[in-house]
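Here are a few exercises to work through with the model open beside you. Try each task before you read its solution.

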Amino acid sequence: MAVSVPGYSPSFKRPPETLRLRRKRGRSLGAASSPAERPEPATRRAARAAGLPLRPFPAAGRGGGGPAGARRNPFARLDNRPQAASEPLEGPPRGQQEAPSPFLDSNQENDLLWEEKVPERRAITELHQTPHVSFSESDIPPSESTELPVDWSIKTRLLFTSSQPFTWADHFKAQEEAQGIIQHCRATEVTLPQSIQDPKLSTELRCAFQQSLIYWLHPALSWLPLFPRIGADRKMAGKTTPWSNDDTLQHVLMSDWSVSFTSLYNLLKTKLCPYFYVCTYQFTILFRAAGLAGDDVITALISPTTRGIREAMKNEDIEFSLPLIKENGPEKRKASGTGLQHGEEQAVSDEDEEEGFSWLEEMGVQDKIKKPDVLSIKLRKEIHEVQMDHRPESVVLVKGMNTFTLLNFLINCKSLIATSGPQAGLPPTLLSPVAFRGATMQMLKARSMNVKTQGLSGYRNQFSLEITGPIMPHALHSVTMLLQSSQNGSFSAGLYTHEPTAVFNICPPKDKVVDKEAVHEELANCGLHPKTLDHLCQTPILGKLSLRHVEMSDYIYNWRS
């Protein structure tokens, strides 16, 4: 028959009672002994004189077999040492907390250790609750402002959070939905008060929110996700594509697309459309009307590009530039779309080659060293162009009348459409804030949620509003203006960017300063709210970055990119 030993745990889940008693007795004896009983080492006295932060000195020695104090961890750092008794502790004092029982099991000891690390636990919880934001050393939040910087990238998702509910953004009545559509089609200007007491009962707010969610799309195929197009093969795999093997159907789709594309460009040229996007399976193009982003002419930004696309544009005599490539020496010739003719380029190449090997003749060893052939030299010179393909640095800028040449080039470019895969035969996607020929009205998806989040004093309500779809710059600005009124100037937002479009926030050199008043008069009928139009006329300052996190407090913005 087994003998029962007091404090013995057969499964070894808890330490024996005797070990706990010894540990408790050793700690109590160590605490009772005075620190003056043991002399302080000379190295410790020198470190204290130098002003270094030190751990409390042990109360008793360990070598004589007597009771010992807490042993110093040799791997511990000074910056994460335990707080000394003289240092203030966060939270209530330990003396005011519930006293532990004389004998603690392992779970209770772990709980006490976890309570000492409450700040770390709280920081980790808050990190998981915030949306995914990428930071770098240069991502320093700018000074507080009442306006956000203009962001020309396309967002795929917006997640707003606030301490006040978003119930006003759900379950629109038939009359409110119809009124919002009419306001969008007629470009009705809606001005809301700075603060709305009961947003759910504000019909004006709900109609304006419905108006801000509308955008225009071509082609419109409800069973296919037509944005984003870059990297969308997996989402389109297995979908029905009857045009993939039907040349006649492909020709019809491309013919309709060409008519819609031309219609959009004509609206842009006459300043009835502020901007639009062309989304292909390889790159995205942003067309902007004259006056927006500080430019006095129509501009088109293409990103990302490849050497093949740039060479094809050169062959069509489309003048362009590479704004993110330093235009010095040979690189300036590479960055220019017009460049030199073939004969001039060959002459420059020969001249560079002669200069490169002239020093060999001066040393008299030109016959002993084999010169590389012309092909190797050409490949070496083109390696820089190939390396920047599919990167943000490959962004191309087309200005003025060259955008019309670009229009004809894109309509006749066979490589604009994929020849294999799920996107084979499908024309590029056209996105616009205003209606155009062949376009289909679409609406961003919005839903509000209420979740419980853990705080210092327990659980609290956290209200959120999620908007998904191709969110263009005007929609982002319109929604944030509405939230200022509905949430009383207090909310935060996580912004998820379609990464190939982040580079559209660069600021190329300007030829001249644009008169904002004249721009407002010319673009008065472009279909945007005057405040949104003024916002889009700002000069971009984000560079290759885009807005990732926005927070408003007391009607003041803080943002990170």
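**Warm-up: the whole chain**

Of the contacts in the protein chain with a separation of 6 or more, 73% are between residues 24 or more positions apart, where contact means heavy atoms within 4.5 Å. The model is predicted, so local features need pLDDT of at least 70 and side-chain atom pairs count only at pLDDT 80 or more, while totals for chains, interfaces and linings use all residues. Residues are numbered from 1 along each chain as its sequence is written, and side-chain values use heavy atoms, with hydrogens and water left out.

**Exercise 1: the sheet**

Work out the strand order of the seven-stranded open sheet, then find what packs on the sheet.

*Solution.*
Step 1. The order is β6-β5-β4-β3-β7-β2-β8, with antiparallel pairing. Strands (E, at least two residues) and helices (H or I, at least four) are DSSP runs numbered from the N terminus, and two strands pair if DSSP finds at least two bridges between them.
Step 2. At the edges stand β6 (396-399) and β8 (440-443); each has a single partner strand, so one side of each is left without a neighbour in the sheet.
Step 3. On average, neighbouring strands of this sheet are turned by 25° against each other, direction ignored.
Step 4. Four bridges join β2 (residues 214-218) to β8 in the antiparallel sense, and isoleucine 214 has methionine 443 of β8 as its bridge partner.
Step 5. Helix α8 (residues 247-269) packs on the sheet and touches β2, β3 (275-279), β4 (284-288) and β7 (429-432). The direction of α8 makes about 155° with that of β3; axes are lines fitted to C-alpha atoms, for helices over the stretch in contact, and angles run from 0 to 180 degrees between N-to-C directions.

**Exercise 2: an enclosed helix**

Why is helix α6 described as largely enclosed?

*Solution.*
Step 1. Apply the burial classes: buried means under 20% relative accessible area, exposed over 50%, and partly exposed in between (1.4 Å probe, protein chains only).
Step 2. In α6 (residues 203-212), eight of the 10 residues are buried, so the rest of the structure largely encloses this helix.
Step 3. Among the buried residues of α6 are Arg206, Phe209 and Gln211.
Step 4. The packing partners of the buried residues of α6 are α5 (174-185), β2, β8, β9 (445-455), β10 (458-471) and α14.

**Exercise 3: backbone exceptions**

Which peptide bonds are cis, and which residues have a positive phi without being glycine?

*Solution.*
Step 1. Recall the background: most residues other than glycine have a negative phi, and most peptide bonds are trans.
Step 2. Histidine 218 and proline 219 are joined by a cis peptide bond, with omega about -10°; proline 219 sits in the loop between β2 and α7 (233-236).
Step 3. Another cis peptide bond joins serine 303 to proline 304, with omega about -15°. Proline 304 is in the loop between β5 (299-303) and α9 (307-315).
Step 4. Lysine 271, in the loop between α8 and β3, has a positive phi of about 65°. Lysine 271 is buried, at a relative accessible area of 19%.
Step 5. Tyrosine 555 also has a positive phi, near 65°, and lies in the loop between β12 (549-553) and β13 (556-560). With 21% relative accessibility, tyrosine 555 counts as partly exposed.
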